[in-house]
Amino acid sequence: DELYSPQNKLIFEAIRDLSVANREIDTLTVGEHLREKGKLQAAGGSGYLAEIVDKTPAVAHVADHAQLVAGKAKLRRLIATCQTIAAEGYGDVGPVDAYLDEAEAKVCAIADQRTSAKGPVHALDHMRVAFQAISDAAEGRTEANPAIPTGLAPLDRALRLRRGRMTTLAAGTGVGKTTIGLQISLGV
């Protein structure tokens, strides 16, 4: 989705397909894969594949190049969003302040999309980390999300409060929910 050129998107998809199938990736295999899918001409033909290889700088800089592609994609999303906001602005937008809030939210959503400075990472690497975290949590071996102390050891053992998890404290009137809530907030 981050590539601008339709030809480069097709080529990237072919490379991804070959990678998933654990096949060699070079000009010939990519060209053949595109030919099998009937997309070689739409991807610019064999000549365009050869041209890309000739113009590709050192692979050592692939992370920097991926950052450039991601940055340009973010800029294109910003431009498209601003064009949409401008076009909508000529119509009936309702209350102006609500429209401005919505427009700001759309632009901020683009700004909030941060790209990784680490460069490309194989999806299996993320899956291994996630499965290990799940396994550790299931077996109680994790400090990745340590318990939030309440200041009351018996309550800590009973609740094991964690960040990002919602815990409801319920009881009848006048039994100390507010006091315990304050104690928990002091423990944090």
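This report walks through the helix packing and a few individual residues of a predicted model.

## The overall picture

Let's start with the chain as a whole. It has eight helices and zero strands, so from the N terminus on the order of elements simply reads α-α-α-α-α-α-α-α. Of the 188 residues, 15% count as buried. If you take the contacts with a separation of 6 or more, 47% of them come from residues 24 or more positions apart.

## Helices 1, 2 and 3

The N-terminal part of the chain gives us three helix pairs to look at. Helix 1 covers residues 6-20, helix 2 covers residues 27-36, and helix 3 covers residues 45-55. Here is how their axes sit relative to each other.

| Helix pair | Angle between axes | Distance between axes |
|---|---|---|
| Helix 1 and helix 2 | roughly 105° | within 9 Å |
| Helix 1 and helix 3 | about 85° | 12 Å |
| Helix 2 and helix 3 | about 150° | 10 Å |

Take helix 1 and helix 2 to begin with. Their axes cross at roughly 105°, which makes helix 1 roughly perpendicular to helix 2. On the helix 1 side, the residues in contact are Leu10, Ile11, Ala14, Ile15, Asp17 and Leu18, and they meet Thr29, Val30, His33 and Leu34 of helix 2. Sorted by class, that contact has seven nonpolar, two polar and one charged residues.

Sitting in the loop between these two helices is Asn22. Its phi is near 55°, a positive value in a residue other than glycine. Is Asn22 buried or exposed? Asn22 counts as exposed, because its relative accessibility is 73% and the cut-off for exposed is over 50%.

Next up is helix 1 with helix 3. These two pack at an angle of about 85°, and they are therefore roughly perpendicular to each other. Helix 1 brings Gln7, Asn8 and Ile11 to the contact, while helix 3 brings Tyr48, Leu49 and Ile52. The class count here is four nonpolar, two polar and no charged residues.

Tyr48 deserves a closer look. This residue of helix 3 touches Ser5, Gln7, Asn8, Ile11 and Ala43, leaving aside residues up to four places away in sequence. One of those partners, Gln7, is 41 residues from Tyr48 in sequence, yet their C-alpha atoms are 8.9 Å apart in space. How accessible is Tyr48? Its relative accessible area is 22%, so Tyr48 goes down as partly exposed; buried would mean under 20%.

That leaves helix 2 and helix 3. With an angle of about 150° between them, helix 2 is roughly antiparallel to helix 3, since anything over 145 degrees gets that label. Helix 2 passes helix 3 in a right-handed crossing. The helix 2 residues involved are Thr27, Val30, Gly31 and Leu34, and they meet Leu49, Ala50 and Val53 of helix 3. This contact splits into five nonpolar, two polar and no charged residues.

A few residues turn up in two of these contacts. Val30 and Leu34 of helix 2 meet helix 1 and also meet helix 3. Ile11 of helix 1 appears in the contact with helix 2 and again in the contact with helix 3. Leu49 of helix 3 is in contact with helix 1 as well as with helix 2.

## Ile184 in helix 8

Now over to the other end of the chain. Ile184 lies in helix 8, which covers residues 177-187. Which residues does Ile184 touch, not counting those up to four places away in sequence? They are Pro149, Thr150, Leu155 and Leu161. Ile184 and Leu155 are 29 residues apart in sequence, with a C-alpha to C-alpha distance of 9.5 Å. Ile184 has 18% relative accessibility, so it counts as buried.

## Cysteines

What about disulfides? A search of the whole structure finds zero disulfides. Two cysteines are worth mentioning for their accessibility. Cys82 counts as partly exposed because its relative accessibility is 38%. Cys108 is partly exposed too, with a relative accessible area of 36%.

How values were computed
Residues numbered from 1 in each chain as written. Predicted model: local features only at pLDDT ≥ 70, side-chain atom pairs only at ≥ 80, totals over all residues. Heavy atoms only, no water. Axes fitted to C-alpha atoms, helices over the stretch in contact; angles between N-to-C directions. Helix = DSSP H or I, 4+ residues; strand = E, 2+ residues; numbered from the N terminus. Parallel < 35°, antiparallel > 145°, perpendicular 65-115°, else oblique. Left-handed = near helix turned anticlockwise from the far one by under 90°. Contact = heavy atoms within 4.5 Å. Nonpolar A, V, L, I, M, F, W, Y, C, P; charged D, E, K, R; others polar. Disulfide = S-S within 2.5 Å. Buried < 20%, exposed > 50% of the residue type's maximum accessible area, 1.4 Å probe, protein only.
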